Amino acid sequence: MQRIMETDVGISEYIGHDVPKIEGIIKQRFTDFLVFEVDLDSQVIHLKSLGMPESSKKPAGEKTVDAAGDTVDASSAEQPLAGEDNPKVAGGVEETATPAVNTAPETVPPAAEVGQATEEVPKDNEPWPERFTESLKPFLSEDVIAHVKTLFLEGPEPPFVSDSGWGGRQSKPVDGKGEASEPSAPTPAPEPEPQGRGKRGRGRGRGDRGGRGGRGGARGGRAGAKEDHRKVISNPIASKETRTGLHKIVRDLFGGKLDTETDTTAPASDEGSRIVIKWSKRGGVSSRGGRGGGRGGRTEGGRGGGERGGYPPYIHFTLQKANRDTQDALAALSRTLHSSVKDLSVAGTKDKRGVTVQRVSLRRGNKTVEDVWKMANGLGGKRSMNDILTQRGERGVRVGDFNYRKASLELGMLKGNAFVITLRTVRVDSMETLDRAMNTIKTKGFINYYGMQRFGTASIPTHSIGLALLKGDWHRAVSLILRNRPGEHPDVVAARDAWLVDGDLDKALELMPRRVVAERCILESYKKQGGDTRNAMGSLSTIPRNLRLMYVHAYQSYVWNAIVSERIRMHGADKPVVGDLVFDEPSAKVDGAEDAAEIALEAAEAGVIADDKAANEDDAKDGELGRSSRRSRKAWEPPKVKVLAEEDLDKYSIFDVIMPLPGKDVDYPGGRLGERYKEFLKKDGLDPDNWVRKQKDYSLGGSYRKILHLPKELSWSVIKYTDPDVALAQSDEDKLLGMPPPVTDENGKFLALQINLQLGTAAYATMALREVTKTETSSHYQTTLTQASEDQKYRTVEAVEGTGAE
């Protein structure tokens with residue numbers, strides 16, 4: 001039985017047909033594929049510290065607060081370079097925690113490589129940094145942003161205006177056009193109040209009851225204070241997705257200090273609804289009513305000061321993992337931390353085959369940063385402090401750079417990923433050809449195919465199971481899931497044979513590893529039915545929803561790949577043509593529309609990466625990738641699109657052209673391509689105009705994706721080497737452990753190409769690489785290239801666990 005190849009999943013075309021292929025092997029070693037998350041502030045995430053963090057020793061009332069209201073109470077500060085004093089964060093905000101043990105060796109790389117300050121401390125030295133304005137621009141006009149700024153700088157209390165005894169008159173509310181009367185001089189937002197119980201009567205913080213008189217006026221405010229009528233109202237927003245994005249960005253930027261709600265005072269109109277922005281009654285600090293400040297009221301997302309130490313309810317940290325998929329690493333961490341995997345959240349999933357770095361949030365309960373660090377590193381159990389600070393993390397997992405935060409991460413809270421990719425055993429006719437190939441990607445981009453990892457690595461591609469589910473062919477879906485496939489673990493092979501050959505259900509269940517989730521669910525269902533296999537639909541329904549959705553989403557991806565290949569064969573990849581689809585939205589909304597679609601897919605699948613999941617769905621029964629999955633799983637609202645006519649062609653570029661993923665509420669391309677799209681679906685036995693199913697899980701919502709992707713950053717260099725076991729790139733952990741940096745061999749027998757690349761959230765790096773190598777990117781094919789590679793004759797050491805050859 002042959003494994004699936006690129007052509008089996010619709011991947012067949014290239015941009016640079018005129019550039020000769022450059023032979024090279026992808027991911028020969030794990031360190032040949034380094035991935036670093038890029039956060040919403042466009043900062044590349046690196047692991048910066050291995051030392052144990054310490055929670056702030058400051059009283060609760062003296063917390064360091066950033067401009068958005070997020071408390072930064074603890075951090076495993078970066079291990080300072082030799083000769084440096086304890087550094088201060090840019091902007092004059094001093095770190096509020098230091099590592100208990102400083103073991104930074106003198107060989108720690110320059111700060112430019114590892115980073116100089118914990119990224120969770122904003123580099124803002126003003127109450128309204130420029131990033132606030134930039135973040136709001138996609139949602140609000142300039143004048144409305146100016147009024148929001150004024151509102152925020154005034155602080156949570158209305159400005160007091162003396163008017164011959166008329167009391168504390170407030171500024172007039174903003175009218176429906178986003179215009180406000182001239183505000184009085186702004187005053188800085190106050191520091192958060194202490195979260196202890198405090199004392200009754202005078203001196204208690206705003207938000208306490210302040211004796212019985214505290215209930216008067218503005219709920220828990222100072223006695224006699226008038227209610228706050230200040231508000232800013234946006235212009236009408238037609239798109240529900242954009243309104244949802246505005247709610248989210250205000251919540252994230254201001255840490256719950258500002259509230260948003262739909263304006264119910266204005267009549268409904270075709271232009272859309274308006275959003276009201278105003279100060280939260282909680283002020284982002286205390287809970288509803290008068291009791292908040294005194295008892296450490298609820299912060300966004302939880303119990304706030306009621307938890308141990310009075311710190312915010314979440315701990316954020318950096319995770320580096322080697323050769324482990326994201327869900328597997330989180331499941332392992334949850335067991336180590338004695339937490340539910342649902343308490344862990346990430347902004348996005350990362351490749352299994354490589355070394356990846358990303359931020360993780362933990363709903364901490366009663367744990368402090370010190371507790372989490374000790375548990376995650378096995379201190380006091382298997383490992384000593386010296387082991388932790390001098391050896392790699394156990395089973396390819398290392399954590400560091402801890403912070404307390406008010407909110408968890410959610411899927412989609414990232415700008416993309418940065419990569420350091422090393423291709424080995426490179427063969428090219430000249431350096432000029434190599435430069436031509438790389439410049440083709442830099443200027444023309446690459447076809448934005450869904451990569452091979454979305455379809456599994458077995459001979460049974462996940463999309464074929466998805467098609468059976470969409471057609472309601474339940475018995476075929478079950479047969480495909482249970483079928484034998486080459487290259488599996490002997491235990492799985494024996495379990496499959498026990499059922500498929502011998503018909504011994506009990507033996508099959510006894511032998512089938514628990515990590516093989518879908519197969520076990522079906523067999524367990526048969527067991528409950530007394531061996532009756534007729535209720536195939538019922539058996540399939542016992543498989544976790546996220547895995548079933550993964551199958552149908554794989555089919556969507558397959559169709560998208562195949563139709564984009566057809567479009568490029570028909571019209572090339574240089575310019576838009578009549579019949580192409582483009583977003584008919586302002587440019588700021590376009591990026592959000594594509595990202596939202598990808599996030600919705602990822603959230604629905606709960607972060608399960610399709611990496612041979614049909615045979616190896618590790619820990620998938622945990623079901624959800626943190627609490628953020630549920631919050632992010634909102635209905636996708638299709639953006640406005642248009643079919644290009646002749647007169648539109650000079651207004652758009654090839655980078656504007658999109659292709660729909662099949663499903664409800666999407667438009668097909670015009671002309672012959674649109675007809676081919678529908679013919680393709682009909683050939684698979686599907687109705688292109690009916691995606692509603694009796695089983696709601698299989699009612700597909702469509703979306704759109706740009707057909708080309710242009711890297712945000714791209715550079716490259718050539719390295720010579722001889723020993724294939726010598727690393728040519730170094731992980732953050734190895735840098736911090738002081739391991740020898742990669743050394744080039746000027747007399748090396750072989751050539752490697754090292755690529756520094758930054759892509760958006762929806763793109764696959766392997767699809768960029770295939771534009772260079774013009775070679776099959778499936779993992780099994782690359783493995784055969786490695787085994788046959790000439791450099792394997794020069795191996796001098798065994799591969800080191802966690803960074804060795806795959």
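This briefing walks through some strands, aromatic pairs and nonpolar cores of the structure above. Please keep in mind that the model is predicted. Two good places to begin are an open sheet of 3 strands and a nonpolar core of 96 residues, the largest in the model.

**A sheet of three strands and its helix**

- The open sheet runs in the order β5-β7-β6, with antiparallel pairing.
- Its edges are β5 (232-233) and β6 (258-262), each of which pairs on one side only.
- Strand β7 (residues 275-279) joins β6 through 5 bridges in the antiparallel sense.
- To find one of the bridge partners, look at D259, which is matched by K278 in β7.
- Helix α4 (residues 240-254) packs on this sheet and touches both β6 and β7. The direction of α4 makes about 170° with that of β6.

**A buried strand**

- All 9 of the 9 residues of strand β11 (residues 397-405) are buried, so β11 is largely enclosed by the rest of the structure.
- Strand β8 (residues 314-322) pairs with β11 in the antiparallel sense, over 7 bridges.
- Opposite K321 you will find V397 in β11.

**Aromatic rings**

- The model holds 19 aromatic pairs.
- One of them brings together Y311 and Y404: their ring centres are 4.3 Å apart and their planes meet at 10°, under the 30 degrees used as the limit, so the pair counts as stacked.
- This pair links distant parts of the chain, since Y311 sits in the loop between α5 (292-295) and β8 while Y404 belongs to strand β11, 93 residues apart.
- Y311 and Y404 are both buried.
- Elsewhere, ring pairs connect W128, F132, F152, F254 and W279 into a cluster.

**Charges over rings**

- K27 places its charged end over the ring of F33, 4.2 Å from the ring centre.
- R705 lies over the face of W560, with 5.4 Å to the centre of the ring.

**Nonpolar cores**

- Within the largest core, of 96 residues, L469, L540 and L757 touch the most other members.
- Helix α16 (residues 545-571) gives this core its largest share, 14 residues.
- Leaving aside residues up to four places away in sequence, L469 touches W474, A477, L540, R548, Y551, V552 and Y698.
- Another core, of 27 residues, lies apart from the largest one, and its members include L330, L333, V341 and W373.

Notes: Residues are numbered from 1 along each chain as its sequence is written. This is a predicted model: local features need pLDDT of at least 70, side-chain atom pairs count only at pLDDT 80 or more; totals for chains, interfaces and linings use all residues. Side-chain values use heavy atoms; hydrogens and water are left out. Two strands pair if DSSP finds at least two bridges between them. Helices (H or I, at least four residues) and strands (E, at least two) are DSSP runs, numbered from the N terminus. Contact means heavy atoms within 4.5 Å. Axes are lines fitted to C-alpha atoms, for helices over the stretch in contact, and angles run from 0 to 180 degrees between N-to-C directions. Buried means under 20% relative accessible area, exposed over 50%, partly exposed in between (1.4 Å probe, protein chains only). Rings of Phe, Tyr and Trp (its six-membered ring) pair if their centres lie within 6.5 Å; planes under 30 degrees apart count as stacked, over 60 as edge-to-face and the rest as tilted. A charge sits over a ring if NZ of Lys or CZ of Arg is within 6 Å of the ring centre and within 35 degrees of the ring normal. A nonpolar core is a set of buried Ala, Val, Leu, Ile, Met, Phe, Trp, Tyr and Cys residues joined through side-chain atoms within 4.5 Å.
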